[in-house]
Amino acid sequence: MSTTHVLGYPRIGARRELKRATEAYWKGEIDQAELERTGRELRARHWQAQRDAGLDWVTVGDFAFYDHVLNVSALLGAIPPRFGDAGEMVDLDTTFRMARGRAPTGEPAAACEMTKYFDTNYHYLVPELHAEQRFRLASRQLFDEVAEARAAGHPVKVVLTGPLTWLWLGKAKSPGLDRLQLLDGVVDVYGEILQQLGEQGVEWVQLDEPALVQDLPADWQQAYERAYHRLQAGPVKLLLATYFGGLGENLSTAMGLPVDGVHIDCVRDPDQLTAVLDRLLPHKVLSLGVIDGRNVWRSDLAALARALAPVRERLGERLWLAPSCSLLHVPVDLDLETDLEPQLRRWLAFARQKLDELVVLGRLLADRSGAADEQAVAEASAALADRQASTRIHKDEVAERLQRVGPADRQRRQPYPERARKQRERLSLPLFPTTTIGSFPQTAEIRAARRDLKAGRFTPEAYEARMREEIAFAVARQEEIGLDVLVHGEPERNDMVEYFGEQLDGFAFTRAGWVQSYGSRCVKPPIIYGDVSRPRPMTVRWSEYAQSLTGRPMKGMLTGPVTVLQWSFVRDDQPRSETCRQIALALRDEVADLEAAGIPAIQIDEPALREGLPLQQRQWPGYLDWAVDCFRLTASVATEATQIHTHMCYSEFNDIIGAIAALDADVITIETSRSDMELLEVFEDFEYPNEIGPGVYDIHSPNTPSVDWMVQLMEKAARRIPVERLWVNPDCGLKTRSWAEVEPALQNMVAAAEILRERY
Ligand code: GLN
Ligand code: ZN
């Protein structure tokens, strides 16, 4: 039998039980004992699922009430001083305060920073690192969970973020601190942890080191050797787990470490297998990640068995099988999807189904398969053949249209300076024009109306009428406030990707396909299963209605192709770039229709462009090429008098400024208010040629920015960017704010623009 295991399992529960329990605890509706009970139940259930499926190991240590990286910080006693003296053992509320700034007990303090875990949509809490920081074993949670699993009779393999990846994910908070200076102290505690796990009878510990698939400086590679040489002395066997990509330049480092086994991701980088096998020392286990842990498609078991047979032959029992990465990144259970088209459902596998796939594969490879396994393989093959041939997926018109795309389709008809002249004439805008990013407050009433529509309490007509009222309200407020370019406010949108996906062909939606995004927050990404096309206009009637209410220019509002792609599960039977181009063409039709309806400005949001960057820098140019191309395909259908805006809500542009400029949007609005306009330096140095709206209103804060503050920010901006090319706008959309907050803030913003016009 090939040993089968998972790197981790979703912790939220098939019905988001963990979300419900933690939120109830934060609100004081349940006490800590009850929250702990939910945690225990979920762990027991998830371990049992692994056991029932027939996995050889049950993985312990993947559970967290908020975040597993935060758990490691607690384990190491890495608690920033502002959270008070944690005492000997860090308690649960301290970790919640680190995550959210407050908890049922303890003093509130500024929460730790949160950011995306590698290239996933999972967010972890960034460890804060200080010079002279001392580490110590400061949590018993992991050991308690091990005891719990052992008491239930499970064969336990422990998972823990490795010491180097933990440091790599951390941020130096003392000036000049090199994070590696802290390594020895961290490794000391890891040594203690491994010691205790050994005493508990644990045989294997999986240390997650996905940092090894990124470009590592030489001193980090050496640090790996130093750290693992020290850890090998412990009483447990170590499985070094890498995922989200290939080992690349770190191959020799990773394969040379004194560990007992290595896990590699054969879904993202199947080609690394040969080199890895060549360097695998004869006593080591090789765990192959062959079931996709980042996507929802059913595996081709027959093909996998064929491809893996020679590896099994060569390694025998030293071959382990696993999903490519933790199953944290896929939904829990396909069985809950009772509303999905049966044909489409057959093509899918969520976390629980992936366990079964793994075990069947293990038995096949060991020649221990029975009739049930043969049947599972046959079903998988039949589903795959059905998927390959399905007319629901393949639409000739879409492929043919893509074929016909030429250079002229990716190029605005006139260069920016001429477009700018025409647009200025048409829109008759003052210096420092004001606008917003799209959404206005999504009030409780708006959300209630959407629920009523879904539940059948509202007819579609009644719902439309309600949304029109909202639009009229937002337009009237904007006119009163005195904004120059208006928006309709997006009341009709539940979510900026879902709204478009629901109207495009080739997308499917699940009932319960939740994936943890951060803490108790989950997202339900659409599934792009087939060729994408747009059967009919999606936003035109709303924008047209909004424009009919005002003499001021109305800005149409679209989510860009890269962002739609990035926030969905994407089909795996063609390159991502191909799917993105299809989305781009569908959105291009929307741009054309908005323009034909007389909408003079159209914004194409791409907040996810940056997060789509591959983990290894040598793959950046290829990605940026097609990502920029897709944006241009969408936008370039617009004539020169239509102003194309784009929006991005992050503040790191230095390494992608060339690509940003290549988008050739007439106006880009960005998040800057908290960075004091310093980030405009890259735009200045690059001599960014088009217009920029650096955000002056931090929409994450309930505070009203003062007129003076915004004037000062814009004056700083004017030192870097010619004033003819500056806009005044908030950092991002206003959907999470209330009207009571938004109105005074925007009034101040308009007043600031008026002062600026007098000064320049
Ligand atoms: N137009 C969107 C909004 O205003 C943009 C959202 C975003 O940037 N994430 O809500
Ligand atoms: Zn934004």
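**Exercise 1. Is N494 buried, partly exposed or exposed, and what is its relative accessible area?**

Solution. The structure is a predicted model, and the values below are computed from it. Step one is to place the residue: N494 lies in the loop that runs between α18 (460-481) and α19 (498-501). Step two is to take its relative accessible area, which is 31%. Step three is to compare this value with the cut-offs, under which buried means under 20% and exposed means over 50%, with partly exposed in between. N494 therefore counts as partly exposed at 31%.

**Exercise 2. Describe the surroundings of N494, leaving aside its neighbours within four places in sequence.**

Solution. Once those neighbours are set aside, N494 is in contact with R450, Y499 and E502. A second view comes from a C-alpha to C-alpha distance: V562 is 68 residues apart from N494 in sequence, and the two are 19 Å apart in space.

**Exercise 3. Classify the packing of α26 against α27, and state which residues make the contact.**

Solution. Begin with the geometry: the axes of α26 (residues 707-718) and α27 (residues 739-759) come within 8 Å and cross at roughly 50°. Angles under 35 degrees count as roughly parallel and those from 65 to 115 as roughly perpendicular, so α26 is oblique to α27. The crossing is, moreover, right-handed. On the α26 side the contact is made by V707, M710, V711, M714 and E715, while α27 contributes A745, N748, M749, A751, A752, I755, L756 and R759. Sorted by character, the residues of this contact are 10 nonpolar, 1 polar and 2 charged.

**Exercise 4. Carry out the same analysis for α10 and α11.**

Solution. Helix α10 (residues 272-279) and helix α11 (residues 301-315) pack at an angle of about 5°, and their axes are 13 Å apart. Because angles under 35 degrees count as roughly parallel, α10 is roughly parallel to α11. The contact involves L273, L277 and D278 from α10, together with V311, R314 and L315 from α11. These residues divide into 4 nonpolar, no polar and 2 charged.

**Exercise 5. Decide how the radius of gyration of the protein relates to that of a compact globule.**

Solution. For 760 residues, a compact globule would have a radius of gyration near 27 Å, and the protein has 27 Å, which agrees. The C-alpha trace spans about 75 × 60 × 50 Å along its principal axes, and 61% of the 760 residues count as buried. Among contacts with a separation of 6 or more, 78% are accounted for by residues 24 or more positions apart. The secondary structure comes to 27 helices and 22 strands.

Notes: Residues are numbered from 1 along each chain as its sequence is written. Chains are lettered from A and ligands numbered from 1 in the order in which they are written. This is a predicted model: local features need pLDDT of at least 70, side-chain atom pairs count only at pLDDT 80 or more; totals for chains, interfaces and linings use all residues. Side-chain values use heavy atoms; hydrogens and water are left out. Axes are lines fitted to C-alpha atoms, for helices over the stretch in contact, and angles run from 0 to 180 degrees between N-to-C directions. Helices (H or I, at least four residues) and strands (E, at least two) are DSSP runs, numbered from the N terminus. Angles under 35 degrees count as roughly parallel, over 145 as roughly antiparallel, 65 to 115 as roughly perpendicular and the rest as oblique. A crossing is left-handed if the near helix is turned anticlockwise from the far one by less than a right angle, and right-handed if clockwise. Contact means heavy atoms within 4.5 Å. Ala, Val, Leu, Ile, Met, Phe, Trp, Tyr, Cys and Pro count as nonpolar, Asp, Glu, Lys and Arg as charged, and the others, Gly among them, as polar. The radius of gyration is taken over C-alpha atoms; the globule rule is 2.2 Å times the number of residues to the power 0.38. Buried means under 20% relative accessible area, exposed over 50%, partly exposed in between (1.4 Å probe, protein chains only).
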